[in-house]
Amino acid sequence: MQLVEVIDDFLSESQCKSLESVMLKDNGTFPWFFVDNLNYDSQSRRIKKLGNYYLSHLLFEDGEEKGIHLPLFLPILNKLSVPLSKVQKIKANLYPRTQFRVHHAPHRDYPPGENKFTCLYYINDNNGFTVFEGKKKVKSKRNRMVRFDGSNIHNSTTCTDVNARYSVNFNCMR
């Protein structure tokens with residue numbers, strides 16, 4: 001079993017509220033983009049299945065800022081002691097509520113042996129979770145950070161108790 005580090009109350013309350021005020025507002029300015037292929041199968045083919053969608057916002061990838069909202073997430077990088085030069089990708093995720101919890105397809109964020117790590121920051125409380133290697137479950141909890149080797153198999157789920165599950169994914173070089 002891989003090492004999964006869970007850190008509760010990761011940001012200060014004011015930093016956490018700052019993220020929430022932009023990302024969770026009903027009429028907020030944080031844009032979300034529809035993605036019609038949440039996962040790929042083991043041969044990197046799109047899984048075409050009803051309900052295999054989510055909303056995302058790519059903030060940073062391969063040294064390039066992708067919009068105006070990146071500064072909101074710099075306190076997380078500072079707390080992780082990760083300079084932006086070591087970040088491969090930062091992506092915000094919004095998984096809409098489903099009537100029954102849906103387990104998304106297991107995947108890897110990158111191939112093994114790439115000397116990287118992944119962090120997931122949970123924005124809101126909900127009954128969704130992340131599953132690691134089909135065994136260990138980490139519940140979505142507001143202001144929780146989960147650090148792990150993203151080359152190991154893991155998957156997300158939807159939630160059933162609130163309208164959406166919000167998280168932010170960071171893929172970083174060691």
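Student: Leaving aside its neighbours within four places in sequence, which residues is Arg108 in contact with?

Tutor: In this predicted model, Arg108 is in contact with Gly150, Ser151, Asn152, Ile153 and His154. Arg108 itself lies in the loop between β5 and β6.

Student: What makes Arg108 and Ser151 a polar contact?

Tutor: A polar atom of the Arg108 side chain lies 2.4 Å from the backbone oxygen of Ser151. The cut-off for such a pair of N or O atoms is 3.5 Å, so the pair is within it. As for His154, 46 residues away along the chain, its C-alpha atom is 6.6 Å from that of Arg108.

Student: Why is Arg108 called partly exposed?

Tutor: Its relative accessible area is 43%. Buried means under 20% and exposed means over 50%, so a value of 43% falls in between and Arg108 is partly exposed.

Student: Why is Asn155 called buried?

Tutor: The same scale applies. Asn155 has a relative accessible area of 7%, and the limit for buried is under 20%, so Asn155 is buried. This residue lies in strand β10.

Student: What does Asn155 touch, not counting residues up to four places away in sequence?

Tutor: Asn155 touches His103, His104, Ala105, Pro106, His107, Phe129, Thr130 and Val131. With His104 there is also a polar pair: a polar atom of the Asn155 side chain is 3.3 Å from the backbone oxygen of His104. That value is within the 3.5 Å limit.

Student: How do you know that β7 and β10 pair?

Tutor: Two strands pair if there are at least two bridges between them. Strand β7, residues 129-132, is joined to β10 by three bridges, so the condition is met, and the two run antiparallel. One position to look at is Thr130, whose bridge partner in β10 is Ser156.

Student: What makes β8 and β10 edge strands?

Tutor: The open sheet has three strands in the order β8-β7-β10, with antiparallel pairing. Both β8 (136-139) and β10 (154-156) pair on one side only, and they are the edge strands. From one strand to the next, the twist averages 20°.

Student: Which strands does β5 pair with, and over how many bridges?

Tutor: β3 and β5 pair in the antiparallel sense over six bridges. Nine bridges join β5 to β11, and these two strands also run antiparallel. Lys89 of β5 appears in both pairings: Lys89 stands opposite Glu61, and opposite Asn171 in β11.

Student: Why is β5 called largely enclosed?

Tutor: Eight of its ten residues are buried, so β5 is largely enclosed by the rest of the structure.

Student: Why does Phe60 count as buried?

Tutor: Phe60, found in strand β3, has 4% relative accessibility. The cut-off is under 20%, so Phe60 counts as buried. Not counting residues up to four places away in sequence, it touches Glu65, Lys66, Leu70, Leu84, Val87, Gln88, Lys89 and Ile90.

Student: Which residues have the most contacts inside the largest nonpolar core?

Tutor: They are Phe73, Ile76, Ile90, Tyr121, Val168 and Phe170, in a core of 29 residues. The elements that give two or more residues to this core are α1, β3, α2, β5, β6 and β11. The largest share, five residues, comes from β11. A second, separate core has seven residues, including Val4, Leu120, Val138 and Val146.

Student: Where do the buried residues of α1 pack?

Tutor: Helix α1 covers residues 13-23, and its buried residues are Cys16, Leu19, Glu20, Val22 and Met23. These pack against α2, β5, β6 and β11.

Student: How do you know that Cys16 is in no disulfide?

Tutor: A disulfide needs two cysteine sulfur atoms within 2.5 Å. The cysteine sulfur nearest to that of Cys16 belongs to Cys119 and is 16 Å away, so Cys16 is in no disulfide. For Cys119, the nearest cysteine sulfur is that of Cys172, at 5.7 Å. That is also beyond 2.5 Å, so Cys119 is in no disulfide. A search of the whole structure finds zero disulfides.

Notes
Residues numbered from 1 in each chain as written. Predicted model: local features only at pLDDT ≥ 70, side-chain atom pairs only at ≥ 80, totals over all residues. Heavy atoms only, no water. Buried < 20%, exposed > 50% of the residue type's maximum accessible area, 1.4 Å probe, protein only. Helix = DSSP H or I, 4+ residues; strand = E, 2+ residues; numbered from the N terminus. Contact = heavy atoms within 4.5 Å. Axes fitted to C-alpha atoms, helices over the stretch in contact; angles between N-to-C directions. Core = buried A, V, L, I, M, F, W, Y, C linked by side-chain atoms within 4.5 Å. Polar contact = N/O pair within 3.5 Å; in protein donor to acceptor, adjacent residues only side chain to side chain.
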